[in-house]
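This report describes the fold of one protein chain, moving from a single turn to the whole molecule. Please keep the sequence and the structure in view while reading.

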Amino acid sequence: MKKNYIFIFLLIIGISLSNKAFLQNISDTTSVEYLMLQGKNAYTSGNIEKSNYYYEKVLKLNNNNFDAKFAIATNYFRLEEYKKSLQIYNSLLDVTPINTDVLNGIAKCYIKLEEYNDAMTFSKKSLAINNKQMDIYFDLAFLYIVKGKLDSATYFYKEVLNIDSSNADAYAGIGKMYYWQDKPVTAAKYYNKALQIDMSNTDNKNYLKLINDDLAYNVSLTFMKISEEESSYKISAFLQRYGVEKRIKDYFSLSLYTLWDYSNRDNLYFDDVKRWYDNTWIKPTFIFKSNRISLFAGASGNDSKITSYGFTWSTSFNLNKIKFRNYLTAAYDYFYYWNKVGQNFYQNTLGITYKRLSLWGTYRYAIIKDNYVWDITEKTDNPNTRYNIELKYEFFKNPKITLGVNQFNMNYKYASPLYYSPDNRTITGASISNYFKLKKFYTYEEFLYGQDSDAVEQTSGSIEFGYELNKMSFALNGNYFKNEFYKSSNFQFSIKRSF
């Protein structure tokens, strides 16, 4: 028992002497302990430059002081001097190659320097040592977003949830990935979970509002006044179109439209005719990653006619900074109800965009079925082709002014009295357009001019004004088309409302 008392007495004396020595070092303004403490206090007070001043003095006393070097690297990072910070972190890595704090510092410097491959390498090295670092999982999610690999980013957000199932930022991150991949139903589920944890996050509330708007019923009403004129006839029409669209699942949406057209034709060869025409069609769309497939079918009760059926397939992908967009349609279209003319057609449009430069090309092959043509007494099919090539360049962002050059060709095997059917007519021209947006208001204007091989001129133009008000949008536009053979114009007012 006496030995125990002696041991405790000696321990107390030892601790007292140690504390006394430490306090003496702290009071010594030239000691490492004092300078480190002053560096920490300066950092805490927000004076990063002064903090580095004290840590540099430590290194003059001990050039191998790890804590001082690490603190200076951290301070340079906060001063946004990322190259200096990186240099010091790398020197520390030589001493402690498995130190996660150093690895993470290097990775974060590379992120700020936008050297994302190196940032990813060091982040993964750090996780290999300690796989419970949530901030590194967030960094890796960001890095995969930069690379456009949203599925991989989603994986790392989910890894955060494996560590902390109540992390609102991880739920919101997953929701954003699904939203960016056009999966609003799943995105809404994750954003709702994020807001259950943190109801105060304004960004998450705004994203959820956008998603709910995408999932809402969208009702549209359009009213249009149309006029057309050729040498043998004039048509004046008033058109109404009503529609409803609904995104039902991530992979499925449904649209239904109906059109009612009352028009008058003043014809040189026939009695003037006034008539109603109706057309109702349905379009289910299947939505996949980078692909959409739409089926559609329509009919007219007034004409007792199937007016359309077919499918459209759209796809998009990127090769580095080059964007590819392709749209393929194969269908039947009752395209000219006045003379009850329909056609089967195949059409493909390809767009290639690099930064502000884009090239678009469209090819169409069609067969107009069983109709009258000149020089043949019996009804016959009329095969025809058309193509359009356009090169465009965008100037500025807002207003977005676009200049383009284009060539358009139409070629019918036979000429017909029932519809415009030129023989290998090619038109070469140019276009200019402007899009400008100011808060909830936008305006768009476009003008095109061209000439064919016989120097016949062709002009067209359009103008549109739009405004968004809460869940409603309004658009007012008009356009015209004119050449030596045909001219048309229309005036249109549209309303859209989501519920």
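Two residues lie between strand 12 and strand 13 in their hairpin, and there Lys-439 takes a positive phi near 55°. The model that shows this hairpin is predicted. Strand 13 covers residues 441-452, and it pairs with strand 12 in the antiparallel sense over twelve bridges. Within this pairing, Tyr-435 has Tyr-444 of strand 13 as its bridge partner.

Strand 12, which covers residues 425-438, also pairs with strand 11 (residues 400-412). That pairing is antiparallel and has eleven bridges. One of the bridges joins Gly-404 to Ser-431 in strand 12. As a general rule, side chains in a regular strand alternate between the two faces of the sheet.

**The loop before strand 11**

Pro-399 is placed in the loop between strand 10 (376-395) and strand 11. The peptide bond that leads from Asn-398 to Pro-399 is cis, with omega near 10°.

**Other positive phi angles**

Two further residues take a positive phi. Asp-182 has a phi of about 60° although it is not a glycine. Its place is the loop between helix 10 and helix 11. Ser-304 is likewise not a glycine and has a positive phi of about 50°. This residue belongs to the loop between strand 5 (291-300) and strand 6 (305-319).

How exposed is Asp-182? Its relative accessible area is 27%, so it counts as partly exposed, since that class lies between the limits of 20% and 50%. Ser-304 has a relative accessible area of 68% and therefore counts as exposed, the limit for that class being over 50%.

**A glycine in strand 9**

Gly-361 is found in strand 9, which covers residues 357-373. With a relative accessible area of 24%, Gly-361 is partly exposed. Which residues is Gly-361 in contact with, leaving aside its neighbours within four places in sequence? They are Asn-348, Thr-349, Leu-350, Asn-388 and Ile-389. Gly-361 and Lys-440 are 79 residues apart along the chain, and their C-alpha atoms are separated by 33 Å.

**Two helices and their surroundings**

The table sets out two helices, with the distance between their end C-alpha atoms and the span expected at 1.5 Å a residue.

| Helix | Residues | Length | End-to-end distance | Expected span |
|---|---|---|---|---|
| Helix 7 | 116-129 | 14 residues | 20 Å | 20 Å |
| Helix 11 | 184-197 | 14 residues | 20 Å | 20 Å |

In helix 7 the distance agrees with the expected span, and in helix 11 the distance is close to the expected one. The buried residues of helix 7 are Ala-119, Met-120, Phe-122, Ser-123, Ser-126 and Leu-127. They pack against helix 5 (82-95), helix 6 (100-112) and helix 8 (134-146).

In helix 11 the buried residues include Pro-184, Thr-186, Ala-187, Tyr-190 and Leu-195. What covers the buried residues of helix 11 includes helix 9 (150-163), helix 10 (168-180), helix 12 (202-215) and strand 2 (233-249).

**The nonpolar cores**

Phe-122 of helix 7 is in contact with Leu-93, Leu-103, Ile-106, Ala-107 and Tyr-110, leaving aside its neighbours within four places in sequence. Phe-122 also appears in the largest nonpolar core, which has 56 residues. The residues with the most contacts inside this core are Ile-106, Phe-122, Leu-140 and Ile-211. Another core, of 21 residues, lies apart from it and has among its members Tyr-233, Tyr-337, Met-410 and Tyr-419.

**The protein as a whole**

The secondary structure comes to twelve helices and 16 strands. Along its principal axes, the C-alpha trace spans about 130 × 50 × 35 Å. The radius of gyration is 35 Å, whereas a compact globule of 499 residues would have a value near 23 Å.

How much of the protein counts as buried? The share is 38% of the 499 residues. The protein exposes about 29400 Å², and carbon and sulfur atoms supply 57% of this area. Among contacts in the protein with a separation of 6 or more, 43% are made by residues 24 or more positions apart.

Note on methods: Residues are numbered from 1 along each chain as its sequence is written. This is a predicted model: local features need pLDDT of at least 70, side-chain atom pairs count only at pLDDT 80 or more; totals for chains, interfaces and linings use all residues. Side-chain values use heavy atoms; hydrogens and water are left out. A nonpolar core is a set of buried Ala, Val, Leu, Ile, Met, Phe, Trp, Tyr and Cys residues joined through side-chain atoms within 4.5 Å. Buried means under 20% relative accessible area, exposed over 50%, partly exposed in between (1.4 Å probe, protein chains only). Contact means heavy atoms within 4.5 Å. Helices (H or I, at least four residues) and strands (E, at least two) are DSSP runs, numbered from the N terminus. The expected span of a helix is 1.5 Å times one less than its number of residues. The radius of gyration is taken over C-alpha atoms; the globule rule is 2.2 Å times the number of residues to the power 0.38. Accessible areas come from the Shrake-Rupley method with a 1.4 Å probe; for residues, only the protein chains shown count as cover. Two strands pair if DSSP finds at least two bridges between them.
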